[in-house]
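The following exercises concern the placement and side-chain contacts of selected residues. Each task is followed by a solution in steps.

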Amino acid sequence: MLPICSATNRFLVVLLGFVTLACQKKVDESFVADDPEYVHQSMQKLTDVIVYDIFSPPVASRIYVYPSIAAYEALLPDYPEYRSLAGQLNGLKPIPAPDTTQPISLPLASIHAFLTAGKHFIFSEERIDEYQQELYQPFETAFPEDMYNNSLAYGEQVAQHILDWSSQDNYKQSRSFPKFTVNDAPGRWQPTPPDYMDGIEPHWSSIRPLVIDSANQFVPAPPSPFSIEEGSQFLAEVMEVYETVNNLDEEQAEIASFWDCNPYVSHHQGHVMFATKKITPGGHWMGIAKIAAQQSGADLMRSLETYAFTAIALFDGFISCWDEKYRSSLIRPETVINQHFDEDWMPLLQTPPFPEYTSGHSVISASAAVALTELYGEPFAYVDSTEVAYGLPPREFNSFREASEEAAISRLYGGIHYMPAIDNGVEQGRQVGNFILSKVNTREEASLAEK
């Protein structure tokens with residue numbers, strides 16, 4: 001016969017089991033885990049850190065694209081009508097599937113994949129860590145512990161898959177490539193005031209593109225031959241910049257400032273130097289993507305589709321543009337004007353530290369506009385408040401194309417580009433954007449804007 005105490009123990013064990021089952025935490029059904037504002041806030045946080053850490057425009061495009069793809073892929077199993085980007089982007093293999101036998105929140109996994117991947121590319125990781133602690137608190141409160149942990153684990157798994165893929169894009173290797181060689185050859189780019197910085201990312205064309213076949217797939221027509229002889233085409237282009245800046249009206253000056261998007265503008269006052277940090281061109285267009293998604297009431301999946309599509313267009317646009325910049329290595333207007341016509345002349349905007357042709361903002365704005373128009377159609381009237389945080393008033397546009405064209409012409413108003421770099425840059429960007437649309441499908445519909 002068993003001791004009485006043993007029987008009592010068995011009873012207590014069974015009783016505790018019932019108590020445990022009765023007290024087991026359930027999902028808070030009132031909690032909206034797939035609120036798209038979580039990803040919008042997270043994208044803004046990534047932008048804030050990019051500004052704080054001061055990344056160049058091409059590098060910033062890389063920081064945006066991989067986390068955006070990670071977030072999109074992590075949420076995909078919840079939305080069978082959407083297609084994976086695996087097999088559509090160069091080198092991207094199928095994403096690991098979640099364990100469906102265990103409780104999991106793919107919206108949380110998606111946000112975690114985004115932030116985990118994003119943290120890998122920045123310097124100030126602690127800023128993302130602090131943000132995560134605050135962002136995840138409602139999820140931790142609303143979910144059972146195993147569901148919460150499973151979600152984070154899957155997000156990390158997806159993020160690592162994307163990071164492994166990103167490590168093969170030649171970025172790390174390009175860090176040890178030689179600097180751009182400066183010489184006095186006529187028409188060749190030279191560092192510009194006030195800091196005379198080295199040319200930024202002279203080997204960006206070696207980075208693996210995501211969709212386009214190669215960096216030189218869409219080579220624009222060459223710039224006008226350098227000549228300051230009376231009657232030359234190049235001289236006419238130089239004088240157009242000179243006269244435009246000297247006779248700017250208020251609206252043109254506002255347009256130039258709105259689209260400046262120079263991540264590092266240095267100021268010199270006597271022996272004192274300080275810098276103003278701003279959003280990059282790509283960051284501005286990711287902000288426009290956010291506005292489009294919020295204005296249209298896009299759900300979480302469509303918002304992630306918007307960010308991924310836009311970021312891909314920006315990334316390949318920068319690769320295509322930078323390929324031409326360091327092939328033609330064309331001198332900037334400021335240098336020509338100061339050396340040959342007016343040594344005291346200054347452009348309205350600070351000249352960025354890389355060659356002139358083609359205009360980066362023209363290329364990537366056109367490419368991003370093609371992607372966003374495919375997603376949301378045309379016309380799409382919106383108020384662009386992206387630059388309000390940087391002290392500039394919002395501007396209204398009737399379409400993404402209209403905005404991209406204003407971004408392009410802003411470079412003439414700012415005094416940092418000749419017109420061929422603008423016009424041919426727009427064409428180059430549209431070619432990149434249209435090629436991406438022909439190769440990448442996130443859904444089966446002929447036009448995503450109809451969805």
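**Exercise 1.** Locate Gln-88 among the helices and identify the polar partners of its side chain.

*Solution.* Step 1: Gln-88 occupies the loop between α3 (57-75) and α4 (106-121); helices (H or I, at least four residues) and strands (E, at least two) are DSSP runs, numbered from the N terminus. The model is a predicted one, in which local features need pLDDT of at least 70 and side-chain atom pairs count only at pLDDT 80 or more, while totals for chains, interfaces and linings use all residues. Residues are numbered from 1 along each chain as its sequence is written, and side-chain values use heavy atoms, with hydrogens and water left out.

Step 2: Gln-88 counts as buried because its relative accessibility is 12% (buried is under 20% relative accessible area, exposed over 50%, partly exposed in between; 1.4 Å probe, protein chains only).

Step 3: A polar atom of the Gln-88 side chain lies 2.7 Å from the backbone oxygen of Ser-84, and one lies 2.7 Å from the backbone nitrogen of Asn-441.

Step 4: The C-alpha atoms of Gln-88 and Thr-442 are 9.5 Å apart, although 354 residues separate the two along the chain.

**Exercise 2.** Determine whether the length of α4 agrees with its number of residues, and whether α4 is enclosed or open.

*Solution.* Step 1: With 16 residues at 1.5 Å each, α4 should span 22 Å (the expected span is 1.5 Å times one less than the number of residues). Step 2: The end C-alpha atoms of α4 are 23 Å apart, which agrees. Step 3: Because 15 of its 16 residues are buried, α4 is largely enclosed by the rest of the structure.

**Exercise 3.** Compare the settings of the salt bridges Arg-443 to Glu-305 and Glu-405 to Arg-401.

*Solution.* Step 1: The structure holds 13 salt bridges, each a side-chain nitrogen of Lys or Arg within 4 Å of a carboxyl oxygen of Asp or Glu.

Step 2: Arg-443 and Glu-305 meet at 2.8 Å, N to O. Arg-443 lies in the segment after α15 (419-439) and Glu-305 in helix α11 (residues 300-328), so the pair ties together parts 138 residues apart in sequence. Arg-443 is buried at 1% relative accessibility, and Glu-305 is buried at 0%.

Step 3: In the pair Glu-405 and Arg-401, the closest N and O atoms are 3.4 Å apart. These residues are separated by about one helical turn, because they are four residues apart in helix α14 (residues 400-413). Glu-405 is partly exposed at 39%, as is Arg-401 at 38%.

Key. Polar contact = N/O pair within 3.5 Å; in protein donor to acceptor, adjacent residues only side chain to side chain.
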